[in-house]
Amino acid sequence: QVQLVESGGGLLQTGGSLRLSCAASGSIFVISSMGWYRQAPGKQRELVASITLGGTRKYTDSVKGRFTISRENAKNTVYLQMDSLKPEETGVYYCDALAKMTPSACLSEYWGQGTQVTASV
């Protein structure tokens, strides 16, 4: 199994910055891509940013220029630097990984437990 543990969430004022971390552990052969999703109260979970093993990044339009996703492959860790946070970006942030446990295994999706981010007005 693969376990994902997020950290770095918290309460901050609008316009502030926060850095989230997510470390993957367990029986890992390779992690293809890692990403961050956000679930606001009463809304569906949505993709915020993702990054492939080779470093290709994708962002949802609303965070481009303010959020930066990065990863340390040797540590199986992904980060999300969030700057100029807005109140509407409050929610639970989940880490996601597509990984193989063995060379012949299929890619499987794994999720972390989530970390709360609250940007107060």
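Which residues does R38 touch, not counting residues up to four places away in sequence? Keep that question in mind while we get our bearings. The model you are looking at is predicted, and R38 is a good place to start exploring.

You will find R38 in strand β4, which covers residues 30–39. The residues that R38 touches, leaving aside those up to four places away in sequence, are Q44, R45, E46, V48, S62, V63, F67, E89, T90, V92 and Y93. Two of these neighbours deserve a second look. With Y93, the side chain of R38 makes a polar contact, side chain to side chain, at 3.0 Å. With E46, R38 forms a salt bridge in which the closest N and O atoms are 3.0 Å apart. The two partners in this salt bridge sit in unlike surroundings: R38 counts as buried because its relative accessibility is 5%, under the 20% cut-off, whereas E46, at 36%, counts as partly exposed.

That salt bridge brings us to the others. The count for the structure comes to four salt bridges, including the one just described between R38 and E46. Another joins D61 and K64, with the closest N and O atoms 3.0 Å apart. Here D61 counts as exposed at 61% relative accessibility, while K64 is partly exposed at 49%. In a further case, the side chains of E72 and K75 meet at 3.8 Å, N to O. E72 is partly exposed, with 31% relative accessibility, and K75 is exposed, with 53%.

Now let us turn to the cysteines. The structure holds one disulfide, and C22 and C95 are the residues that form it, their sulfur atoms 2.1 Å apart. This pair links distant parts of the chain: C22 belongs to strand β3 (residues 18–26) and C95 to strand β9 (residues 91–100), and 73 residues separate them. The link is left-handed, with -85° about the S-S bond. Both of its cysteines are buried. C106, by contrast, is exposed, and its relative accessible area is 64%.

Strand β3, the home of C22, also takes part in a sheet. This is an open sheet of four strands, in the order β1-β3-β8-β7, with antiparallel pairing. Because β1 (2–7) and β7 stand at the edges with a single partner strand each, one side of each has no neighbour in the sheet. From one strand to the next, the twist averages 15°. To see how one pairing is built, follow β1 and β3: they run antiparallel and are joined by six bridges. Q3 is a handy spot to look at here, as its bridge partner in β3 is S25.

Finally, have a look at two loop residues and their backbone angles. Most residues other than glycine have a negative phi. What is the phi of N76 near? The value is near 50°, positive in a residue other than glycine. N76 is found in the loop between β7 (67–72) and β8 (77–82), and it is partly exposed, with a relative accessible area of 22%. S84 is another such case, with a positive phi of about 50° although it is not a glycine. The place of S84 is in the loop between β8 and β9, where S84 counts as partly exposed at 39% relative accessibility.

Key
Residues are numbered from 1 along each chain as its sequence is written. This is a predicted model: local features need pLDDT of at least 70, side-chain atom pairs count only at pLDDT 80 or more; totals for chains, interfaces and linings use all residues. Side-chain values use heavy atoms; hydrogens and water are left out. A disulfide is a pair of cysteine sulfur atoms within 2.5 Å. Helices (H or I, at least four residues) and strands (E, at least two) are DSSP runs, numbered from the N terminus. Buried means under 20% relative accessible area, exposed over 50%, partly exposed in between (1.4 Å probe, protein chains only). Two strands pair if DSSP finds at least two bridges between them. Axes are lines fitted to C-alpha atoms, for helices over the stretch in contact, and angles run from 0 to 180 degrees between N-to-C directions. A polar contact is a pair of N or O atoms within 3.5 Å; within protein, one must be able to donate a hydrogen and the other to accept it, and residues adjacent in sequence count only if both atoms are side-chain atoms. Contact means heavy atoms within 4.5 Å.
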